[in-house]
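Work through the exercises below with the sequence and coordinates open. Each task is followed by a stepwise solution.

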Number of protein chains: 6
Amino acid sequence: MLLNETAEQIRSMEIRGAGRIARKAAAALRDHAAGLETPDTASFARSMKEAADLLVATRPTAVSLPNAVQTVMRSFEGAGSVAEAKAAVKTAADSFILSSRHAVEWIGEIGSRHISDGDVILTHCNSEAALSCILAAHGEGKAIEVFATEVRPRNQGLLTIRALNDAGIQTNFIVDSAVRSYINEVDLVITGADAITVNGAVVNKIGTSQIALAAHEARTPMLVAAETYKFAPRTILGERIAIEEREAGEVLDPRIAAGLPHVRVRNPAFDVTPASYVDLIVTEVGAIPPAMAYCIIRDYLGWGIGEFHKEFSIDQMTKE
Amino acid sequence: MLLNETAEQIRSMEIRGAGRIARKAAAALRDHAAGLETPDTASFARSMKEAADLLVATRPTAVSLPNAVQTVMRSFEGAGSVAEAKAAVKTAADSFILSSRHAVEWIGEIGSRHISDGDVILTHCNSEAALSCILAAHGEGKAIEVFATEVRPRNQGLLTIRALNDAGIQTNFIVDSAVRSYINEVDLVITGADAITVNGAVVNKIGTSQIALAAHEARTPMLVAAETYKFAPRTILGERIAIEEREAGEVLDPRIAAGLPHVRVRNPAFDVTPASYVDLIVTEVGAIPPAMAYCIIRDYLGWGIGEFHKEFSIDQMTKE
Amino acid sequence: MLLNETAEQIRSMEIRGAGRIARKAAAALRDHAAGLETPDTASFARSMKEAADLLVATRPTAVSLPNAVQTVMRSFEGAGSVAEAKAAVKTAADSFILSSRHAVEWIGEIGSRHISDGDVILTHCNSEAALSCILAAHGEGKAIEVFATEVRPRNQGLLTIRALNDAGIQTNFIVDSAVRSYINEVDLVITGADAITVNGAVVNKIGTSQIALAAHEARTPMLVAAETYKFAPRTILGERIAIEEREAGEVLDPRIAAGLPHVRVRNPAFDVTPASYVDLIVTEVGAIPPAMAYCIIRDYLGWGIGEFHKEFSIDQMTKE
Amino acid sequence: MLLNETAEQIRSMEIRGAGRIARKAAAALRDHAAGLETPDTASFARSMKEAADLLVATRPTAVSLPNAVQTVMRSFEGAGSVAEAKAAVKTAADSFILSSRHAVEWIGEIGSRHISDGDVILTHCNSEAALSCILAAHGEGKAIEVFATEVRPRNQGLLTIRALNDAGIQTNFIVDSAVRSYINEVDLVITGADAITVNGAVVNKIGTSQIALAAHEARTPMLVAAETYKFAPRTILGERIAIEEREAGEVLDPRIAAGLPHVRVRNPAFDVTPASYVDLIVTEVGAIPPAMAYCIIRDYLGWGIGEFHKEFSIDQMTKE
Amino acid sequence: MLLNETAEQIRSMEIRGAGRIARKAAAALRDHAAGLETPDTASFARSMKEAADLLVATRPTAVSLPNAVQTVMRSFEGAGSVAEAKAAVKTAADSFILSSRHAVEWIGEIGSRHISDGDVILTHCNSEAALSCILAAHGEGKAIEVFATEVRPRNQGLLTIRALNDAGIQTNFIVDSAVRSYINEVDLVITGADAITVNGAVVNKIGTSQIALAAHEARTPMLVAAETYKFAPRTILGERIAIEEREAGEVLDPRIAAGLPHVRVRNPAFDVTPASYVDLIVTEVGAIPPAMAYCIIRDYLGWGIGEFHKEFSIDQMTKE
Amino acid sequence: MLLNETAEQIRSMEIRGAGRIARKAAAALRDHAAGLETPDTASFARSMKEAADLLVATRPTAVSLPNAVQTVMRSFEGAGSVAEAKAAVKTAADSFILSSRHAVEWIGEIGSRHISDGDVILTHCNSEAALSCILAAHGEGKAIEVFATEVRPRNQGLLTIRALNDAGIQTNFIVDSAVRSYINEVDLVITGADAITVNGAVVNKIGTSQIALAAHEARTPMLVAAETYKFAPRTILGERIAIEEREAGEVLDPRIAAGLPHVRVRNPAFDVTPASYVDLIVTEVGAIPPAMAYCIIRDYLGWGIGEFHKEFSIDQMTKE
């Protein structure tokens, strides 16, 4: 019942937001496991598998949902009894929920250690995790100054400067094009991430990769703040993150566009920053170099190639 | 009379625009020279010097004005008679006027030869000279496609896409942040210049240097289209081009800004692209590598260190 | 018996090819384990060790052979009984054989996801794994075009263009020197690998590193397709992959060479591409960043430093 | 007793040196465990925890001490009985001691394989591990030549050239500033490390990062020789290695300094070389790419985020 | 008469080779001038102009022909009498002939000064000017060693190794793909040029730019040896050097090609090396940085924008 | 008489210092010319040539001496009478002396314009010209801070910090190895030059090129302050600046060295910074990009290839 309800709420987007979806799914699986009355671990596993499939199917393109489900599902592999399996599920789900719930705060604590008194920081877009690092450093009494970009076309920079202003942090507001002009004054770039691929490439708001490039040119370090559920497991399979192209009206007033038949607006929401321009990724389970994305996906989120074997078109055993 | 009138019109900004100012000043000197009735070349030179000083003083920070005046003034050095001097002035002034008047067209002809059939070109801001290259290539029947940026905060990109649309050129309109996402599809970047320094650095609309950097990263060549009167002679003296910082209201609505006391808008109008990111500068006197800026200033515009010697604080001859 | 036969067939090169050798060795160990009648796990382990040593000794320089053997041998560590050990061996060997047998196809499926409709791909030499990616993308209906190099001195490019032509893929054939001229038209470079070292350096056909460098200069991504048995475990020990130098006659007609006493032909078969020029390595167990070579060797192939401790010259315990 | 004694000796610096401290701590824990008479594993764990805390508290900033303690402490997790736990502790401690004791020799053996006959090697400062590689190669009969720097301000280069001279190795002695002049003649740079961070950055003697940069510019590979206890676990938490600034008198004679009131001596003992300039790190547990620092810390030294969770300021479970 | 004969011989390719064409054209103009009996300098100039046009029209795409003609034609500008003009023509023509005739030797003398005793040099294709530098260094008794590439598809490397072998120079012969493998052993790259553009880009045999890139990556300097008549004046006008694409049969046996309908051979004869990868260009009038190509064209060869003004489509004077 | 005296004083090093030698030579030629009583310009020229040769022969390796002589000698080319020639010599010599005498001050004025209020500047060694820029900026009231290096092995940094301290400029004193650690805090690097080659490479105190590299990595601009007589004309001929190797005792105490038979001290006094790491060269005749070194040598100092033709081994005219 509860499982079906949660699934329905996720499907209907009553539950939304990468973090909330993930936590609700983990809790649903935990509670479902607690209520199961199966004679043996095999039937327990079968029943859990059905529940997991039901949840994952609700939002096939979300990345945090399968990450949460996978974390729970692998917890009871090798359990010796149903009771043991239930306990393992509970521990894993609770741990995931705790970690996810506090992810942004823990990231803030870890990331703030890379900010020194007197530092000038540049951020792009409006990332809760990136802001958490900045606010934590400010909260520790470090005198910092921030450059925040406008973030065309949706101007999320306004949200960022409001948050910084409210905290009393000295902030400079610039157009996206002005980053290279100021980057020599900047000590550290911090951004969030929408997704991180198996080789540490960072998918984030359009413009991030230009900033990373300018930072790299000026030997300014770049730190990415990202919860582990942002790591995209299916990139192990070679899948690429689709870059959403948003509607033209965000960039060009449709009334103007109507008069310009030869003009086509291109409005990609994200771009891809190569791992070589990222010095460190800060997650709630610690700071890592970008190449460790693979280990986060495999060791922390629990996705090995085995999880995907069924997707290969060749699946029969042949005797050598 | 005419000289004074022209000077007044430049001072009052009745005559404006870098090109027009330059041509009017050259014409005024030419006509002034024609009317002079001086006994010898020395007095001719003195009188011309007064006229030149009068004109240059009208807009002390313009770069095209002293360039025009200097071109005319050096023409009669070494003339054997007043008549010869007058003739030299006329030739130089007319040649300058012709060249300046047709500069954009000639630049278009020269620059278009770097555009091949099928090329994708990216431009930034709304440069008459850069557009001239693109339109000339289109006019020659080459099938081209253009990426044009929005150009925050003043959105000059709108002017550019209107011009391209009117010419029937297939155009893509993107936010400034999206350049790196598309640069691998681009064959050539063409921009204009507001000023070019003695070492070939290009001062142009904010964002140009980020585009140049992204182009360089992707091995996409960058061509700058600039009339010779954009080359800044006083950079030989070590002077730096001051980057105008424009009003905050262009970037952030003042009503919003009023509520954000810790936020300061930084709005530089231009940035500086280093010569090493520019493959070629196209002027009306030919295509040159950026390092040749010095030769344009010295050989074409006529500024040697001698012109500036009086500005040094040490100016007395001492016997060794 | 069977074990000895297999060993002999590998030694005599009746069984050859990196993949076949690996699979035959795994099968031989599996069958040997099945037939063992040992009282306890310790004697089982000793007997398996002898079998493993026998196999590995047949071709001391092969890299796939020890990889297969090691995968099987580590499977039964910690087994509680001989039966359990036998079962573990069977599972590990069968899994290795399946994975190895289908490696090229799985690599093709994974790698093809990095190829988009309309892409232009460049490949070098004649790699089964790289071709598998290209053919899979073509098979999925993507319209692709390929640049294939000649691959002097042995012209393996001919094999590649035949395979591409047979599949009906539009192919451009170029000399090795022409890569930089075309790389700006290329969307993706895909090559195979002869060996991959612990730090992700790729040993492959001579010329690969020049292509990788040109791709890097032009921001063209490079993907390496390689079965896991190509990863060289002994590079953990600091061993370097010896670059075979082949006979001069491949490069210069011996009759001409005879007349040129001061000329020496240098004919290295492979070169080394640093990890920083490789965006992704595609294996049958998933796509990884090059730095994960260490994890493939340690976690998938089973080589830790412990396997090599006996090779150190210092091996006695001393009491502190 | 012994535990307290060891703790006291470490605190009083009677035991000093990163390696000796580590080994003594491991031995103390091993012996402490052997003597424990606890009824169950839980009390065993508690007692061991007290012992561990006691040891770690003696030198809060040392990096090798907690690494040794952690290696031992994680060995008995999941042990089924106290006896099993004691055995596990003994095995882990002995193995750590052996490995640590022979670390420099094993590093020498591994690293020497990257040195070829005829190679010219450059080293900086006086690293036992780096010298071990060079001496091992020399010992194997390879004809090598070394460039050694002076290493201002404390001139540790003198120790290095003495050691090389004593071994009969042809050595060139240069000032630190001359590295770029000779780097094109150098085949390999080898240095030690004072600490290695989670993302593979190498903290080492001031000047190392300039050498690494010059080597990178000239495509000369750089190898870092470092015992595993040099890897800094707390960098996972975002902690940064503090760069010690030593006294001014090392750089400028205090009598001279006294006369120069506007002059301030800056004397950092170390600098930070980014991972991208390091080709390989050689440890006693094998050669690794720099990004694998995370795995050394997590898998070999035993530090996961769990070890640090208590340090986060948010630590309460909340029900979702 | 003689003029017409020379023109005919150039047209019919009886006279061929960039250098010979240039010298014959200069001599023809000189002798033509000597025979002219014109009343004044204006008619002299007109007659010379006709002669120049006749010559240039014989091979419209040659680059050395107009360079020679232009050098002579600008010599008599401003001459006070026909006799003075004739004398100026003779001096200019003789000087050009002398300089051109000895260009390769002078380049050899200048270039050889960049080769030190013990140097290893790499060359590509078969450039007379590049070989001249190498042979001169060898002739001066410097012990040198050369790497020469095969130069697919026409194998001009064979000519190079024959010349080096005949001189007794120790030579290594490698496939084009092997350059990056050996570049760290190379002290200096020397190549010739087929054409040099106004911004110092070097058009040379396919593969040159890959070698330049590999040299740049390894901090190996690159020197280009080129006679001044290789500098392409019309690149000032924006003209680009057309890269000849040669017949497919050079690369792929037509009988094989016939069976491969989906395969297209691409066979560009040249590629373009950017100026930033060239350290020095050695001409017979001295060593210059690549950016000085503009000055060679303007000051030495005599091409200013004025020479090209008539080619612009806008050519009427308008009164301002 | 006076000529011979000056020659003798230069030979005996009574007159020394690059600037003084140059000025004395120019004055000697001027005075010699004034006293000549020759019937025609040809004999005047011959006599001057003898005087010039006498002077140049006194210090064959000095670079400022031939530069001064050449500047004077080319002044009277084409003079119509001996009187005209004498006047031209006087003007040229006086102008050269004035310019040379005030060179350092003028360079200071020009260079100081690149220093902004609040800038942090790094300098290396003890360059009068570089200090002139820094002191001029300080004199203009700009608040600046300087990093000065120690400059091993001769510690010229002490002279620099004394000069800066005396001026009351806040100065940081660091070892040469520490540059990369602080370069991100530095806004501008300024050094002097010992010689500048035709392609803009800067020969300066050992360590300069490492600093330039570190500045380039961090996008910190580098400015070189150099009098025009530092430009080396013979580099047009391909000559390379010999890098003096100074005595071992400067680096290593001979008593220590005596005990280290396998150790050889290498002590180059200078290194070579490539033009691509230099943003601007400031001379007393203006600021220039490095590639303009050729123009300084040719146009300002008066060295064309013609001056060197006699040095070529081929010098006979042959009739084509």
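**Exercise 1. Distance to a rotation axis**

Task: Find which residue of chain A comes closest to the rotation axis, then characterise the operation that superposes chain A on chain C.

Solution. The model is a predicted one.
Step 1. Ala291(A) is the residue of chain A that comes closest to the axis, with its C-alpha at 3.7 Å.
Step 2. Chain A is superposed on chain C by a rotation of 120 degrees, with 0.1 Å of shift along the axis and an RMSD of 0.1 Å.
Step 3. This is the relation of a three-fold axis.
Step 4. Only 17% of the interface residues of chain A are also interface residues in chain C, so these copies meet through different surfaces.

**Exercise 2. Chain B and chain A**

Task: Determine how chain B is related to chain A, and describe the contact between the two.

Solution.
Step 1. A turn of 180 degrees with a shift of 0.0 Å along the axis lays chain B on chain A, at an RMSD of 0.1 Å.
Step 2. That is the relation of a two-fold axis.
Step 3. Both copies use the same surface, since 100% of the contact residues of chain B recur in chain A.
Step 4. The contact draws 51 residues from chain B and 51 residues from chain A.
Step 5. About 4100 Å² is buried between chain B and chain A, and carbon and sulfur atoms give 55% of this area.
Step 6. Of the area that chain B buries against chain A, 17% is supplied by Arg180(B), Gln210(B) and Arg266(B), more than by any other three residues.

**Exercise 3. Chain pairs without contact**

Task: State how far apart the closest C-alpha atoms of chain A and chain E lie, and do likewise for chain C and chain F.

Solution.
Step 1. Chain A and chain E are joined by no contact, and their closest C-alpha atoms lie 17 Å apart.
Step 2. Chain C and chain F do not touch either; the nearest C-alpha atoms of this pair are 17 Å apart.

**Exercise 4. A sheet across two chains**

Task: Give the strand order of the open sheet of eight strands and locate its edge strands.

Solution.
Step 1. The order is 8(A)-3(B)-2(B)-1(B)-4(B)-7(B)-10(B)-11(B), and the pairing is mixed.
Step 2. The edge strands, each pairing on one side only, are strand 8 (263-265) of chain A and strand 11 (286-288) of chain B.
Step 3. From one strand to the next, the twist averages 25 degrees.
Step 4. Strand 7 (residues 222-225) and strand 10 (residues 280-283) of chain B pair in the parallel sense over three bridges.
Step 5. Within this region, Val224(B) stands opposite Ile281(B) of strand 10 of chain B.
Step 6. Helix 6 (residues 103-112) of chain B packs on the sheet and touches strand 7, strand 10 and strand 11 of chain B. The direction of helix 6 makes about 140 degrees with that of strand 10 of chain B.

**Exercise 5. Cysteines**

Task: Count the disulfides over all chains, and explain why Cys133(B) and Cys295(D) form none.

Solution.
Step 1. A search of the whole structure finds zero disulfides.
Step 2. A disulfide requires two cysteine sulfur atoms within 2.5 Å.
Step 3. The cysteine sulfur closest to that of Cys133(B) belongs to Cys125(B), at 15 Å, which is too far for a bond. Cys133(B) is buried, at 0% relative accessibility.
Step 4. For Cys295(D), the closest cysteine sulfur is in Cys295(C), at 4.2 Å, also too far for a bond. Cys295(D) is buried as well, at 1% relative accessibility.

Definitions and conventions
Residues numbered from 1 in each chain as written. Chains lettered and ligands numbered in written order. Predicted model: local features only at pLDDT ≥ 70, side-chain atom pairs only at ≥ 80, totals over all residues. Heavy atoms only, no water. Pairing = 2+ DSSP bridges. Helix = DSSP H or I, 4+ residues; strand = E, 2+ residues; numbered from the N terminus. Axes fitted to C-alpha atoms, helices over the stretch in contact; angles between N-to-C directions. Contact = heavy atoms within 4.5 Å. Least-squares fit on C-alpha atoms with pLDDT ≥ 70 in both. Buried < 20%, exposed > 50% of the residue type's maximum accessible area, 1.4 Å probe, protein only. Buried area = accessible area lost by both parts, 1.4 Å probe.
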